[in-house]
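The following exercises are to be worked with the sequence and the coordinates at hand. Please attempt each task before reading its solution.

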Amino acid sequence: MYFSIHANANDNRSANGTETYYDATYAAANSLKLAQKVQPRMVSALGTKDRGVKTAGFYVIKYSKMPSILLETGFVTSPIDASILKSTIAKDRLASGIAAGVSVYFE
């Protein structure tokens, strides 16, 4: 598995929430499954808006031949998300949420 973990940004400061991307080039079914297991657990862990699972051709996931997802944990440009992402407790919850999603993926 490959995870690329990010904080998003947008010129519109009201943009907020958590989203997960996968690419359909290689390991598409498993990447989608992984994204669908991790996304809701990240949202629950952080208490952010659920922006869903989406496809995108980001280089780091497009050319990975293993299940791969790119996680956008929140928007650093959003006062709401930025406050959450600065919290050590939230980061610990995020890590636990990602781990829980991986665990469910293997069930």
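Three exercises on this predicted model follow.

**Exercise 1.** Determine which residues of helix H3 are buried and how they are arranged about the helix axis.

*Solution.*
1. Helix H3 covers residues 79–86, and its buried residues are Asp81, Ala82, Ile84 and Leu85.
2. Viewed down the axis of H3, these buried residues fall within an arc of 160°, so they line one face of the helix.
3. The face turned away from the buried side of H3 carries the exposed residues Ile80 and Lys86.
4. The packing partners of the buried residues of H3 are strand S1 (2–8), helix H1 (28–46), strand S4 (68–75) and helix H4 (88–105).

**Exercise 2.** Test the end-to-end distance of helix H1 against its expected span, and identify what covers its buried residues.

*Solution.*
1. H1 has 19 residues; at 1.5 Å a residue, H1 should span 27 Å.
2. The end C-alpha atoms of H1 are 26 Å apart, which agrees with that expectation.
3. The buried residues of H1 include Leu34, Val38, Met42 and Leu46.
4. The cover over the buried residues of H1 includes S1, strand S2 (18–22), strand S3 (50–55), S4, H3 and H4.
5. After H1 comes Gly47, with a positive phi near 75°.

**Exercise 3.** Decide whether Ser4 is buried or exposed, and describe its surroundings.

*Solution.*
1. Ser4 belongs to strand S1.
2. The relative accessible area of Ser4 is 9%; buried means under 20%, so Ser4 is buried.
3. The side chains of Ser4 and His6 are joined by a polar contact of 2.6 Å.
4. Setting aside neighbours within four places in sequence, Ser4 is in contact with Val60, Ile69, Leu70 and Leu71.

Terms used. Residues are numbered from 1 along each chain as its sequence is written. This is a predicted model: local features need pLDDT of at least 70, side-chain atom pairs count only at pLDDT 80 or more; totals for chains, interfaces and linings use all residues. Side-chain values use heavy atoms; hydrogens and water are left out. Buried means under 20% relative accessible area, exposed over 50%, partly exposed in between (1.4 Å probe, protein chains only). Helices (H or I, at least four residues) and strands (E, at least two) are DSSP runs, numbered from the N terminus. The arc is that of the directions from the helix axis to the C-beta atoms. Contact means heavy atoms within 4.5 Å. A polar contact is a pair of N or O atoms within 3.5 Å; within protein, one must be able to donate a hydrogen and the other to accept it, and residues adjacent in sequence count only if both atoms are side-chain atoms. The expected span of a helix is 1.5 Å times one less than its number of residues.
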